[in-house]
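Here are my notes for your reading of this model, set out point by point. Please keep the coordinates open beside them as you go.

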Amino acid sequence: MSEAPVSVADMPRVIYHTATTLDGFIATTDHSLEWLFDVPGAAEAEAAFPAFLERVGALVLGSSTYDWVYRMQDLGRRPDGWRSAYGDRPTWVFMSRELPTAASTIRFARGEVADAWPDIAASAGERDVWVMGGGDLAGQFADAGLLDEIRVSIAPATLGAGRPLLPRVLPASRLTLVSAERVGAFAELRYAVSRD
């Protein structure tokens, strides 16, 4: 006897939550996020983060984002750093190269996000899946019809070049503004994304 198919209502929500510059870049050309720490009022923006993280059951990120966090938090010498920041949440890293492991909860994946989605969804349980970055990975979730929300904090900074927020075409018909608010020096926008 086969199992009943999982309905969209039973799946966890997938949220791409990130910060971007005014000119639409989430990282420099060499994948650095250092620009973000120079923005005044970043502490106020960070204050709301624990409430967001409470609703997250699993994290997903690309190899460049993971590598940057690994290096900046010196996780090779401080392996408890990942756990103190993100807890025991299952973390999926889509990699294009071999990377060191920072915690036992980290799982490495290759290939299409749609292929890994059943395992990601199961690991999140009834909570949300947070796509930390990068923009192309979030775009792959959108391509697969799996992205539910884009939550972007726009910082008062420009880079001129770098890694784009979301290198995909998403027509206005797929995006609905849910909220817009000022958080310190940032403008936080939340958009619902239709899956079709």
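The points below concern a predicted model, and they go from the sheet to its strands and then to two helices.

1. The sheet is open and has eight strands, which follow one another in the order β5-β4-β3-β6-β1-β7-β10-β9 with mixed pairing. At its edges lie β5 (106-109) and β9 (175-183), each of which pairs on one side only, and from one strand to the next the twist averages 20 degrees.

2. Strand β1 (residues 14-21) runs parallel to β7 (residues 149-155), and seven bridges join the two. Within this pairing, threonine 18 has valine 152 of β7 as its bridge partner, while the partner of alanine 19 in β7 is serine 153. As general background, strands of a sheet pair through backbone hydrogen bonds, and they do so either parallel or antiparallel.

3. Strand β1 also runs parallel to β6, to which three bridges join it; here the bridge partner of tyrosine 16 is valine 131 of β6.

4. How many of the residues of β1 are buried? Eight of the eight are, each having under 20% relative accessible area, and the strand is therefore largely enclosed by the rest of the structure. Val14, Tyr16, Thr18 and Thr20 point one way from β1, whereas Ile15, His17, Ala19 and Thr21 point the other way, and the residues of both groups are buried.

5. Helix α7 (residues 135-143) lies across four strands, namely β1, β3 (56-62), β4 (91-94) and β6 (128-133). With respect to β6, the helix α7 runs at about 140 degrees, an angle taken between N-to-C directions on a scale from 0 to 180 degrees.

6. Helix α4 (residues 63-72) is largely enclosed by the rest of the structure, because seven of its ten residues are buried. The buried residues are Ser63, Thr65, Tyr66, Asp67, Trp68, Val69 and Tyr70. Against which elements do the buried residues of α4 pack? They pack against the helices α1 (34-37) and α5 (80-86), and also against the strands β3, β4, β5 and β6.

7. A backbone detail to check when you inspect the end of that helix is aspartate 74, which comes just after α4 and takes a positive phi of about 50 degrees.

Methods. Residues numbered from 1 in each chain as written. Predicted model: local features only at pLDDT ≥ 70, side-chain atom pairs only at ≥ 80, totals over all residues. Heavy atoms only, no water. Pairing = 2+ DSSP bridges. Contact = heavy atoms within 4.5 Å. Buried < 20%, exposed > 50% of the residue type's maximum accessible area, 1.4 Å probe, protein only.
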